[in-house]
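Subject: Structure handover

Dear colleague,

I am passing this structure on to you, and my notes on it follow below. Please look through the sequence and the model first, and then read on.

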Amino acid sequence: PAAIYLGTEFALDKINWRKIGLLAIINADSLWHHSEFMAAENAYQLIIKLLTLTPQNANIIIQTFAPNHYIIKSIVQNKPEIFYNQELKFRKQFDYPPFINLIKLSTLNKSETKAKNEARKIYQKIKKTNSKITVNPPLPILRRKIRGKYKFNIILKLKNLDDFNLIVKLIPN
């Protein structure tokens with residue numbers, strides 16, 4: 001049996017949690033410092049999951065450069081409402097769910113240029129419609145490629161999902 005386990009989220013189901021005496025979450029900030037709007041929620045859920053899997057008598061260390069971040073405060077004070085209230089405030093400020101509906105359109109192609117051009121065409125068509133939809137310019141995904149194909153995403157923000165029907169004809173299969 002190992003004395004030290006080092007792993008990612010994918011190793012969680014392979015650990016005998018009853019034998020854990022120390023849990024260290026290294027560079028916890030990396031869990032929520034990226035561009036997905038749900039990054040903080042996912043980070044919070046993962047940390048809570050780790051804390052509930054760890055035996056009560058185990059020591060827990062969370063390494064962070066932001067000890068005053070609302071995720072850390074919420075966990076340390078055992079007050080989920082701190083996280084919930086801050087996250088709702090953030091989502092309202094930047095028009096994210098539950099205050100808006102999001103639709104992600106993606107283009108995939110083995111050629112980066114073709115994927116990018118297709119995404120630009122779709123973006124331009126939607127932009128010209130004067131609909132109530134906010135459309136963000138196409139952006140490449142973080143990993144750049146998925147299964148050998150380049151991927152670009154266009155994010156649409158709309159209050160009413162019925163507004164999507166106005167532009168659905170502009171989007172290729």
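**Helix 3 and its two sides**

In helix 3, the buried residues (those under 20% relative accessible area with a 1.4 Å probe and protein chains only, where exposed is over 50% and partly exposed lies in between) are Phe83, Glu87 and Arg91. They sit on the same side of helix 3 because they cover an arc of only 55 degrees around its axis, the arc being that of the directions from the helix axis to the C-beta atoms. On the other side of helix 3, Lys89, Lys92 and Gln93 are exposed. The buried residues pack against helix 1 and helix 2 (70–76), with contact meaning heavy atoms within 4.5 Å.

Please keep in mind that this is a predicted model, in which local features need pLDDT of at least 70 and side-chain atom pairs count only at pLDDT 80 or more, while totals for chains, interfaces and linings use all residues. Residues are numbered from 1 along each chain as its sequence is written, and side-chain values use heavy atoms, with hydrogens and water left out.

Helix 3 covers residues 80–93, and its 14 residues reach 20 Å from the first C-alpha to the last, close to the 20 Å expected at 1.5 Å a residue (1.5 Å times one less than the number of residues). Helices (H or I, at least four residues) and strands (E, at least two) are DSSP runs, numbered from the N terminus. After helix 3 comes Asp95, with a positive phi near 55 degrees.

**The pockets**

A pocket here is an open set of points on a 1 Å grid over the protein atoms alone, where a 1.4 Å probe fits, with protein on both sides within 12 Å along at least five of seven lines, and its lining residues have an atom within 4 Å of a point. The largest pocket has a volume of about 1100 Å³, a volume being the space filled by probe spheres set on the points, which are joined across faces, edges and corners. Its lining has 37 residues, with Gly7, Thr8, Leu23, Ala24 and Leu50 nearest the centre. Helix 1 gives the most to this lining, with 5 residues.

The second largest pocket has a volume of about 640 Å³. Of the 18 residues that line the second largest pocket, Ser35, Glu36, Lys104, Asn153 and Ile155 are the closest to its centre. Strand 5 gives the most to that lining, with 6 residues.

With best wishes
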